[in-house]
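The following exercises concern the reading of secondary structure, burial and charge pairing from a structural model. Please examine the sequence and the structure before turning to the solutions.

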Amino acid sequence: MSTNIPVLKTAKSIDRDADIVVVGLTSVSENPTLVGVPAELEKAWNKSFPDSLLETAVGLGARSELGTLVTLPPFPQRVMVVGLGDVDVTPAALRQACGVTLRQITGSKDAENLSVTISLELHDPELARAAAEGAVLGAYRIPRVTQQPGSCKVATITLVTGRAQLKESVEEAGIVAAAVVQARDWINTPPNLLYPETFAEAAKDHVSDLKVGVEILDEKALAKGGYGGLLAVGGGSSRPPRLLRLSWAPRGAKFHLALVGKGITFDSGGLDIKPAGQMASMTCDMSGAAAVIAATRAIAALGLPVKVTAYAAMAENLPSGTSYRSSDVLTMFDGTTVENVNTDAEGRLVMADALGRAGNDSPSLIVDVATLTGSCMVALGKRTSGLMASDDATADRLLDAAEAAGEAFWHLPITDEARESLKSDTADLRSGGKHRYGGALVAAAFLQHFVPEGTSWAHLDIAGPAWNDEAPHGYTPAGGTGAAVRTLISLAAHLAG
């Protein structure tokens, strides 16, 4: 488990010992209105300052615009005022507001072992969950690899809920946020430290305290099982590939969800090597695997009555004398022969093996997650993931789960043209199209070939949102983001009813 997580608590009132108290500001009939300020705090403020807390905040520039922040003058407690946007505050707005606030708090030089109390009138389970998630995710900092002992920026986050019944909602949010944090930690781990073997072992340790079955196939088992995609992609590295299988099978589960994640722990492009400057962020090419592993643990920790089988296809794509080549014909797990057209389109090859294996489990639904194509980033930008599916009903199911989780996805088609472009003269299938257009659709069409006919399936291309190489925003840090984790957990919760 990541240690990069503050302790979440709930309380009926503001903790007098808190280092920082966070309240909100919204607008009612164009008049600024404070949210979450109890009478005792207002009374204490008025004893120390001539102007009211609201007048002071507005005078210092506080606005109701979502995410704006003002820190009030020194007081027995530091008081921060965050803009909440519209008076009808939504879960999405609370995630953003709490994320921005905790990100600023943990970014300050004097932050160490702070206790933060958030008072935003959180009387609804959805709002409490959103605030808790946003706060924990906003507090995230990339772990440093250093001899110096790390200090905890924020030790505790207390949410004032006013209702004891909301404690369970906050605890559930803590499990979800912890899953995202763990995925981020794995993504941000340098690739010389996180490679197929160590990644698989870390995943095994991660679920060791739960009733989650673990199976790890090494290179010998992969060769015996006929996993031609994984063996080809991992063949150029001295660190051989792995296939991780996790299984959560609670009593009474009526739905079987299979999750498949791309786990390329570093992608140089292979012999079709990437240009200089485009390789450093490729530590994030295992974000799909991180998402399905972290989500599976969270689903088990939440005790959701849904059977989950998760596969993480792990390999390191490097050039060497044993690398696979463009023009190679590979035989995949399900027996399909594939004419490889680009060693930098390696993700679909390892995913094909894992999808074929997942199909043998006869799941009700298969969802795969991968940082698969730059084309998806060109189409949708860096903050929206692509969604392609076997049918509209399955797509709608995923979109509903994503909306509830607060993640952005857009449904894209898999066209006949995309399928046609995969026809090969030398094998059953080409690994890519014959031109660069519609690359995300072509990649999805390739993956769908390995899904058993009649099985519901969705493909999540998270190439854009998985890695943030720009400034942090909201509860999203620089570096690995943990994209899709919350959507997968939300999907399982929906399936559990």
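Exercises with worked solutions follow.

The model is predicted: local features need pLDDT of at least 70 and side-chain atom pairs count only at pLDDT 80 or more, while totals for chains, interfaces and linings use all residues. Residues are numbered from 1 along each chain as its sequence is written, and side-chain values use heavy atoms, with hydrogens and water left out.

**Exercise 1.** Determine the strand order of the open sheet and identify its edge strands.

*Solution.* Step 1: fix the terms. Helices (H or I, at least four residues) and strands (E, at least two) are DSSP runs numbered from the N terminus; two strands pair if DSSP finds at least two bridges between them.
Step 2: trace the order. The open sheet has 8 strands, arranged β8-β9-β11-β10-β14-β18-β15-β16, with mixed pairing.
Step 3: find the edges. β8 (213–217) and β16 (409–411) each pair on one side only.
Step 4: examine one pair. β15 (residues 385–389) and β18 (residues 456–461) are antiparallel, with 4 bridges; Ala389 stands opposite Ala458 in β18.
Step 5: place the helix. Helix α9 (residues 287–301) lies across β9, β10, β11 and β14, at about 140° to β10. Here contact means heavy atoms within 4.5 Å, and angles run from 0 to 180 degrees between N-to-C directions, along axes fitted to C-alpha atoms, for helices over the stretch in contact.

**Exercise 2.** Establish how strand β6 is enclosed and which strands it pairs with.

*Solution.* Step 1: assess burial, where buried means under 20% relative accessible area, exposed over 50% and partly exposed in between (1.4 Å probe, protein chains only). Because 5 of the 5 residues of β6 (residues 114–118) are buried, the strand is largely enclosed by the rest of the structure.
Step 2: separate the faces. Leu114, Val116 and Ile118 lie on one side, Ser115 and Thr117 on the other, and both faces are covered.
Step 3: list the partners. β2 (residues 20–28) runs parallel to β6 and is joined to it by 3 bridges, with Ile20 opposite Val116. Strand β7 (residues 154–160) is also parallel to β6, through 5 bridges, and Ser115 stands opposite Thr156.

**Exercise 3.** Describe the surroundings of the residues that UniProt lists under "active site".

*Solution.* Step 1: consult the record. The unreviewed UniProt entry lists Lys274 and Arg348; its positions are given in the numbering used here, feature names are shortened, and annotations may be inferred rather than shown by experiment.
Step 2: consider Lys274. Lys274 lies in the loop between β10 and α9 and is buried, with a relative accessible area of 15%. Leaving aside neighbours within four places in sequence, its contacts include Asp267, Met279 and Asp344.
Step 3: consider Arg348. Arg348 belongs to helix α10 (residues 347–359) and is buried at 9% relative accessibility. With the same exclusion of neighbours within four places, its contacts include Leu372, Ser431 and Phe446.

**Exercise 4.** Explain which parts of the chain the salt bridge between Arg486 and Glu133 ties together.

*Solution.* Step 1: apply the criterion, a side-chain nitrogen of Lys or Arg within 4 Å of a carboxyl oxygen of Asp or Glu. The closest N and O atoms of Arg486 and Glu133 are 3.9 Å apart.
Step 2: locate the partners. Arg486 lies in helix α15 (residues 485–496) and Glu133 in helix α4 (residues 125–138), so the pair ties together parts that are 353 residues apart in sequence.
Step 3: check burial. Arg486 and Glu133 are both buried.
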